[in-house]
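Biologist: Could you take me closely through the sheet of this model, strand by strand, together with what packs against it and what links its strands? I would like one connected account that I can follow with the coordinates open.

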Amino acid sequence: VTDVATVDVNASLRHAALFLERHKIGCLPVLDDEKLVGIITDTDFVGVAINLLEQIEETEPVDEDFEDEEVA
């Protein structure tokens, strides 16, 4: 393949994630002045999502009354 989609090393993670989603691809080579310096994958973003969810869970207040309530 000669026309490979890439992302610049200075691009934001949001930009890279949106590009992967929009073009339905699983990985994106990362270039610094046309030199390959890495690759970012959809799996990398799953890891980011897990990390963010864990941080949110750690900062949410625990509602003890909620834990004792029965679900109808």
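Modeller: What follows is an account of the sheet, its pairing, the core beside it and the loops that lead into and out of its middle strand. Please keep in mind throughout that this is a predicted model.

To place the sheet in the chain, the secondary structure comes to three helices and three strands, and the elements follow one another from the N terminus as β-α-β-β-α-α. The three strands form an open sheet in the order β1-β2-β3, with mixed pairing. The strands at the edges are β1 (7-8) and β3 (35-41), and each has a single partner strand, so one side of each is left without a neighbour in the sheet. Strands of a sheet pair through backbone hydrogen bonds, either parallel or antiparallel, and both senses can be followed here from β2.

On one side, β2 (residues 27-32) runs parallel to β1, and two bridges join these strands. Val7 stands opposite Val30 of β2. Setting aside neighbours within four places in sequence, the contacts of Val7 are His15, Leu28, Pro29, Val30 and Leu31. On the other side, β2 pairs with β3 in the antiparallel sense over six bridges. Two of the residue pairs worth locating in the viewer are Leu28 with its bridge partner Ile40 in β3, and Cys27 with its bridge partner Thr41 in β3.

Across this sheet lies helix α1 (residues 13-23), which spans β1, β2 and β3 and runs at about 140 degrees to β2. The largest nonpolar core has eight residues in all, namely Val7, Ala16, Phe19, Leu20, Leu28, Val30, Ile40 and Phe45. Two elements, α1 and β2, give two or more residues to this core, and α1 gives the most, with three residues. Several residues already met in the pairing therefore return in this list, where membership requires a residue to be buried and joined to others through side-chain atoms within 4.5 Å: Val7 and Val30, which stand opposite one another, are both members, as are the bridge partners Leu28 and Ile40. For the chain as a whole, 12% of the 72 residues count as buried, while the exposed surface comes to about 6,400 Å², of which carbon and sulfur atoms supply 53%.

The links on either side of β2 deserve a careful look at their backbone angles. In the loop between α1 and β2 sits Lys24, which has a positive phi of about 50 degrees although it is not a glycine. With a relative accessible area of 74%, Lys24 is exposed.

Beyond β2, the hairpin that β2 makes with β3 has two residues between the strands, and there Asp33 takes a positive phi near 50 degrees. Glu34, found in the loop between β2 and β3, also has a positive phi, of about 65 degrees, and again is not a glycine. Glu34 is exposed, its relative accessible area being 77%.

Asp32 still lies in strand β2. At 34% relative accessibility, Asp32 counts as partly exposed, because that class covers values between 20% and 50%. Leaving aside neighbours within four places in sequence, Asp32 is in contact with Val9 and Val37. Val9 is 23 residues away from Asp32 along the chain, yet their C-alpha atoms are separated by 5.4 Å. On the scale of the whole chain, among contacts between residues at least 6 apart in sequence, 22% join residues at least 24 apart.

Read together, these points trace β2 from the loop that holds Lys24, through its parallel pairing with β1 and its antiparallel pairing with β3, to the hairpin where Asp33 takes its positive phi.

Note on methods. Residues numbered from 1 in each chain as written. Predicted model: local features only at pLDDT ≥ 70, side-chain atom pairs only at ≥ 80, totals over all residues. Heavy atoms only, no water. Pairing = 2+ DSSP bridges. Helix = DSSP H or I, 4+ residues; strand = E, 2+ residues; numbered from the N terminus. Contact = heavy atoms within 4.5 Å. Axes fitted to C-alpha atoms, helices over the stretch in contact; angles between N-to-C directions. Buried < 20%, exposed > 50% of the residue type's maximum accessible area, 1.4 Å probe, protein only. Areas by Shrake-Rupley, 256 points an atom, 1.4 Å probe, with all protein chains shown as cover.
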